[in-house]
Amino acid sequence: MPEFALLSYVALMSITPGPNNLMLASSGVNFGFRRTVPHMLGISLGCALQVFIVAMLLAQMLGWLSAWRLPLAVAGCVYLLWLSWQIARSGQPEAREQARPLGFVGAALFQWLNPKAWVMVLNASILFMPAGEGGRWLAASLLALAFAVVNLPCISVWAWGGEKLRRWLAAPRALLLYNLTMGALMAVTALWLLYDELTPALAQMA
């Protein structure tokens, strides 16, 4: 049952902790669920477009993607470290006055720098695309549709959970502690992903 395997894979990869979900939980706390919707849609549709492009051009782009994977991953991890600093500061009153949730376009573009998104997209393209040329457009379209449909409700759980925490974090000190914790988790995630990407490259150079 390849369809069930695909849906299970996308759901598992979408709902487990990662940069997108940590950002959504933080946005839910600081801005509420409704204002986080463009962020969620950007993630789901951006990821769907990413998997469609990669799946369609996998054979032709595989060598190019391998060459660019490391610099894109490093850039994404650096961006995550910057985001972790922004999240940690978002509990401070002067920072919250100027803060705004990540928009649709920004969230969609971030998927091209998100190491976890690359792992999810490349694995799905390799595992679930047909080996031959026939039906590639249809298969890539169905793969993208599965990503969009399954990913959105999974990541929504994080934004919804973040919003539900708002009343428990009404005190400025509690909100500051929460955002510092989420920022630290994001920084640890970024450093772990960076280590995971750099270790094989450094081993090859040794």
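These entries record what I looked up in the predicted model about its nonpolar cores, one buried serine and a surface patch.

I worked from a predicted model, in which local features need pLDDT of at least 70, side-chain atom pairs count only at pLDDT 80 or more, and totals for chains, interfaces and linings use all residues. Residues are numbered from 1 along each chain as its sequence is written, and side-chain values use heavy atoms, with hydrogens and water left out.

I turned to the largest nonpolar core (buried Ala, Val, Leu, Ile, Met, Phe, Trp, Tyr and Cys residues joined through side-chain atoms within 4.5 Å) and noted that, of its 26 residues, Leu143 and Phe147 touch the most other members. Helix 8 (136-164) is among the helices that each supply at least two residues of this core, and the largest share, nine residues, comes from helix 8; helices here are DSSP runs of H or I, at least four residues, numbered from the N terminus.

For Phe147 I listed contacts (heavy atoms within 4.5 Å), leaving aside neighbours within four places in sequence, and found Val10, Cys47 and Met120 among them.

Next I checked Ser44, which is found in helix 3 and counts as buried because its relative accessibility is 2% (buried is under 20%, exposed over 50%, partly exposed in between, with a 1.4 Å probe and protein chains only). A polar side-chain atom of Ser44 lies 3.3 Å from the backbone nitrogen of Leu152.

Last, I looked at Phe104, which is found in helix 6 and, at 37% relative accessibility, counts as partly exposed.

Note on methods: A polar contact is a pair of N or O atoms within 3.5 Å; within protein, one must be able to donate a hydrogen and the other to accept it, and residues adjacent in sequence count only if both atoms are side-chain atoms.
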